[in-house]
Amino acid sequence: MDPLSLERLDDPLAPAREATAEMLNNRHPNFSLPQPFYNDERLFRIDVQEIFEKEWLFAGLTCEIPAKGNFMTLEVGNNPIVIVRGNNGEVHAFHNVCRHRGSRLCVHDKGKVAKLVCPYHQWTYELDGRLLFAGTDMGSDFDLSQYGLKPVNVRTGGGYIFISLAEQPQDIDELLESLDHYLDLCDMDNAKVAAESNIVEDANWKLVIENNRECYHCNGAHPELLNSLQEFDDSEDPRATPAYRALVERKQNEWQTMGVPWELKRIGRRNRLTRTPLLNGTVSMTMDGKQASRKLLGRLPSPDLGVLRILHLPNSWNHFMGDHAVVFRVLPIGPQKTLVTTKWVVHKDAVEGVDYDPEQMRRVWDATNDQDRRLAEENQRGINSTAYQPGPYSETFEFGVIDFVKWYSERMLDNLGGAPRLSLASG
């Protein structure tokens, strides 16, 4: 029997899977998760298998692989992935694993190649994954067609690239259509990454997402961000003031006249898209609230477009302004270690030093990312204590966190095998 089949018959994580389902079914609604969800190695492995290897993940942007042979790489758990632009402009994704002896093919974060060539023994693959060359030593009866690269599900929409390692991934069409609609004027295929940062946070990935899903902490932690950002992004937010609601109405009328999409769009708890005003008089997330790039994104008609916020669970949030976008990707590395990648995106024809200054553009989010890193890491240290027990979320300030934890719990239970969601139904 295949060793993989043997492993499935004797799953070393089986007891942990049962315990995971039991904890989720019995957890207190609207409370944080039990401690093992944030620091246990076995539960981390289940997170990778049941969430990151089965859900659609934001991987990167189409503008990062603009031409034939451009590639980018990332790792999902122990799975190295390569995404490459093919001969006819199509986007392909593969397991970044040679079919000879399993070596990684592409060892750099990004680059450009004519073919995909394994650096170990020079097995050579076409950009669509077909094996072209394996050397004469494999014998005259060796069938190249049986050893193409193993594909990964890949879809694009609005300039975004999503991948799923699942055999039969969930439908993602509604999100892709929504991204095409909301980002049409941004013309993301004709954008470029002006700056990028990678931060490793010593915290569980769920704490990173939870921190992002609320601004309860913003007043005390993010002075740079609050130079431009409203603490709430929905006029239905119970904290929203009459002045904010009036500003929203005025700006929405302006955007409607310009033909700029702004409506709140939810796709379950997984996705949320909405355009909301920045502070009155500011047009971009910069220290002074002024444009970071003189050249606007795509075909956008004005710099004063507030901020289009896009959420994709489990691993991305995004801010689109008239002049630039800030795109975030989260990938788990360990039970208490998470990679957070931030990309600042501008029009492809914007000239560094003329139209924009990368340091000035990234100053707000560099500061905010570091502040959030410290918050998540302190959160992790406290959760590791024997004194930790799940605590209540504020339904007024932390409704976004509540939605995330519900989404996570539901997807985990479904992916574990359709276990009943007894306590979730009441929450």
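Biologist: What makes strand β1 (residues 57–61) count as largely enclosed by the rest of the structure?

Modeller: Five of the five residues of β1 are buried, so the strand is largely enclosed by the rest of the structure; buried means under 20% relative accessible area, exposed over 50% and partly exposed in between, with a 1.4 Å probe and protein chains only. Strands are DSSP runs of E with at least two residues, helices are runs of H or I with at least four, and both are numbered from the N terminus. Please keep in mind that this is a predicted model, in which local features need pLDDT of at least 70 and side-chain atom pairs count only at pLDDT 80 or more, while totals for chains, interfaces and linings use all residues. Residues are numbered from 1 along each chain as its sequence is written, and side-chain values use heavy atoms, with hydrogens and water left out.

Biologist: How do you know that β1 and β10 pair?

Modeller: Two strands pair if DSSP finds at least two bridges between them, and β1 is joined to β10 by four bridges, with the two strands running antiparallel. In this pairing Leu61 stands opposite Tyr160 in β10.

Biologist: Why is Tyr160 called buried or exposed?

Modeller: Tyr160 has a relative accessible area of 2%, and since the limit for buried is under 20%, Tyr160 is buried.

Biologist: What about strand β4 (residues 91–95), and how do you know how far it is enclosed?

Modeller: Four of the five residues of β4 are buried, so this strand too is largely enclosed by the rest of the structure. Strand β3 (residues 79–85) is joined to β4 by five bridges in an antiparallel arrangement, and the bridge partner of Ile81 in β4 is His95. Between the two strands of this hairpin there are five residues, and Gly89 takes a positive phi near 90°.

Biologist: Why is the pair of Tyr38 and Tyr388 called what it is, edge-to-face or stacked?

Modeller: The structure holds 15 aromatic pairs. In the pair of Tyr38 and Tyr388 the ring centres are 6.5 Å apart and the planes stand at 85°, so the pair is edge-to-face; rings of Phe, Tyr and Trp (its six-membered ring) pair if their centres lie within 6.5 Å, and planes under 30 degrees apart count as stacked, over 60 as edge-to-face and the rest as tilted. This pair links distant parts of the chain, with Tyr38 in helix α3 (residues 36–39) and Tyr388, 350 residues apart from it, in the loop between α9 (358–383) and α10 (399–417). Both Tyr38 and Tyr388 are buried.

Biologist: And what makes the aromatic pair of Tyr160 and Phe320 tilted?

Modeller: The planes of Tyr160 and Phe320 are at 40° and the rings are 6.3 Å centre to centre, which fits neither the stacked nor the edge-to-face range, so the name is tilted. Tyr160 belongs to strand β10 (residues 160–164) and Phe320 to strand β15 (residues 316–320), 160 residues apart along the chain. Phe320 is buried, with a relative accessible area of 1%.

Biologist: How do you know that the largest nonpolar core lies between domain 1 and domain 2?

Modeller: A nonpolar core is a set of buried Ala, Val, Leu, Ile, Met, Phe, Trp, Tyr and Cys residues joined through side-chain atoms within 4.5 Å. The largest one has 64 residues, and those with the most contacts inside it are Ile83, Ile163 and Tyr408. Helix α10 gives the most to this core, with eight residues. Domain 1 (57–164) and domain 2 (187–384) both give residues to the core, so it lies between them; these bounds come from an automatic or database domain assignment. A second, separate core of 30 residues includes Phe58, Leu185, Leu273 and Ile310.

Biologist: How do you know that the two domains are in contact?

Modeller: Contact means heavy atoms within 4.5 Å, and 15 residues of domain 1 are in contact with 18 residues of domain 2. The C-alpha centres of the two domains lie 31 Å apart.

Biologist: Why is Gln170 called buried, partly exposed or exposed?

Modeller: The relative accessible area of Gln170 is 37%, a value between the two limits of 20% and 50%, and therefore Gln170 is partly exposed. Gln170 lies in the loop between β10 and α5 (173–182). Not counting residues up to four places away in sequence, Gln170 touches Glu55, Trp56, Arg270 and Arg411.
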